[in-house]
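User: I'd like to learn how to read strand pairing, cavities and ligand sites in a model like this one. Can you walk me through it?

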Amino acid sequence: MTEKVRRIVRIKATGDVVRALSRVVEEGLELSILNASVSPDAVAAEIAVQAVDDEHVRNFLRTLREFGIEVEEIEKTLVRDEDRCLHCTACHSVCPTGAIELKGVEVELDDEECIVCGSCTEICPVGALRIASKEGERG
Ligand code: SF4
Ligand code: SF4
């Protein structure tokens, strides 16, 4: 499997966000919006960015800044509580990157493939998955 660079960034914008984000198509990036809040005069969002190399990510972030968008890189990770996990495989079904693998009747998390999109945390019936960051946690 091809290695990809992944970054989580927080953006705040009052400018033309749609025009800036449309550049990702040209630059071959993949974006997952983790959460977003929109008010009449501003947009704030956390986005997982994936690219084939670091240069693509840096170019994208530079593009956003050129459009006057505030960009802050943050560090997040997915944590699984193995004691709580029922191995129901619901998280495996929704994971867009194949980061949750089936090993016999059990699930296993591959950190390298996880883009911290949060889809699995929402579907887990027992709260065994949560997203942790240096600033706090959400699950
Ligand atoms: S959804 Fe939750 S309980 Fe089910 S396999 Fe995934 S982590 Fe375990
Ligand atoms: S947060 Fe969960 S669903 Fe999203 S990529 Fe990581 S393991 Fe997959």
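Analyst: Sure. Keep in mind that this is a predicted model. Let's begin with one pair of residues: Val 9 stands opposite Glu 73 in S4.

User: Okay, how do I go from a single pair to two whole strands? How many bridges pair S1 and S4, and in which sense?

Analyst: The general idea is to count bridges and then check the direction. Here S1 and S4 are antiparallel, with five bridges between them.

User: What about S1 and S3: how many bridges join them?

Analyst: There are nine bridges between S1 and S3, and these strands also run antiparallel. If you want a spot to look at in the viewer, find Arg 6, which has Gln 50 of S3 across from it.

User: And which residue in S3 is the bridge partner of Ala 36?

Analyst: That would be Ala 45. It's a handy marker for the pairing of S2 (residues 30-39) with S3, which is antiparallel and has nine bridges. The connection between S2 and S3 is a hairpin through two residues.

User: Any general rule for where the side chains go along a strand?

Analyst: Yes. In a regular strand, side chains alternate between the two faces of the sheet.

User: How do I read a hairpin, then? Take S6 and S7: how many residues lie between them?

Analyst: Look at the pairing, then at the turn. S6 (residues 100-103) and S7 (residues 106-109) are antiparallel partners with four bridges. Ile 100 faces Leu 109 of S7 across the pairing. The hairpin has two residues between the strands, and Gly 104 in the turn has a positive phi of about 65°.

User: Let's move to empty space. How many cavities of 30 Å³ or more are there?

Analyst: The count is three. The approach is to take volume, then lining, then contents. The largest cavity has a volume of about 90 Å³. Its lining is made of 13 residues, with Cys 85, Leu 86, Cys 88, Cys 91 and Cys 124 nearest the centre. Sorted by class, that lining has 10 nonpolar, two polar and one charged residues.

User: Which ligand sits in the largest cavity?

Analyst: Ligand 1 does. The ligand's own shell reads much like a second view of the site: 14 residues surround ligand 1, and Cys 85, Leu 86, Cys 88, Cys 91 and Cys 124 come nearest. That shell splits into 11 nonpolar, two polar and one charged residues.

User: Which residues line the second largest cavity?

Analyst: The lining consists of Leu 78, Cys 95, Pro 96, Thr 97, Ala 99, Ile 100, Cys 114, Ile 115, Val 116, Cys 117, Gly 118 and Cys 120. By class, this lining has 10 nonpolar and two polar residues, with no charged ones. The volume of the second largest cavity is about 70 Å³.

User: Which ligand sits there, in the second largest cavity?

Analyst: Ligand 2. Around ligand 2 there are 14 residues, the closest being Cys 95, Cys 114, Cys 117, Gly 118 and Cys 120. The shell of ligand 2 has 11 nonpolar, three polar and no charged residues.

User: Now the open spaces. How do I read the largest pocket, and how much space lies in it?

Analyst: Use the steps we used for cavities, then ask which elements contribute. The largest pocket holds about 300 Å³ of space. It has 16 lining residues, and Arg 6, Ile 8, Lys 76, Cys 114 and Val 116 lie nearest its centre. Strands S1 (5-13), S3 (42-51), S4 (70-74) and S5 (76-80) each give two or more residues to that lining. By class, the lining of the largest pocket has eight nonpolar, one polar and seven charged residues.

User: Why does the largest pocket lie between domain 1 and domain 2?

Analyst: Because both domain 1 (5-74) and domain 2 (76-133) give residues to the lining of the largest pocket.

Notes
Residues numbered from 1 in each chain as written. Chains lettered and ligands numbered in written order. Predicted model: local features only at pLDDT ≥ 70, side-chain atom pairs only at ≥ 80, totals over all residues. Heavy atoms only, no water. Near = heavy atom within 4 Å. 1 Å grid on protein atoms, 1.4 Å probe; cavity = no way out; pocket = protein on both sides within 12 Å on 5 of 7 lines; lining within 4 Å. Sits in = over half its atoms within 2 Å of the grid points. Nonpolar A, V, L, I, M, F, W, Y, C, P; charged D, E, K, R; others polar. Pairing = 2+ DSSP bridges. Points joined across faces, edges and corners; volume = space filled by probe spheres on them. Domains from an automatic or database assignment.
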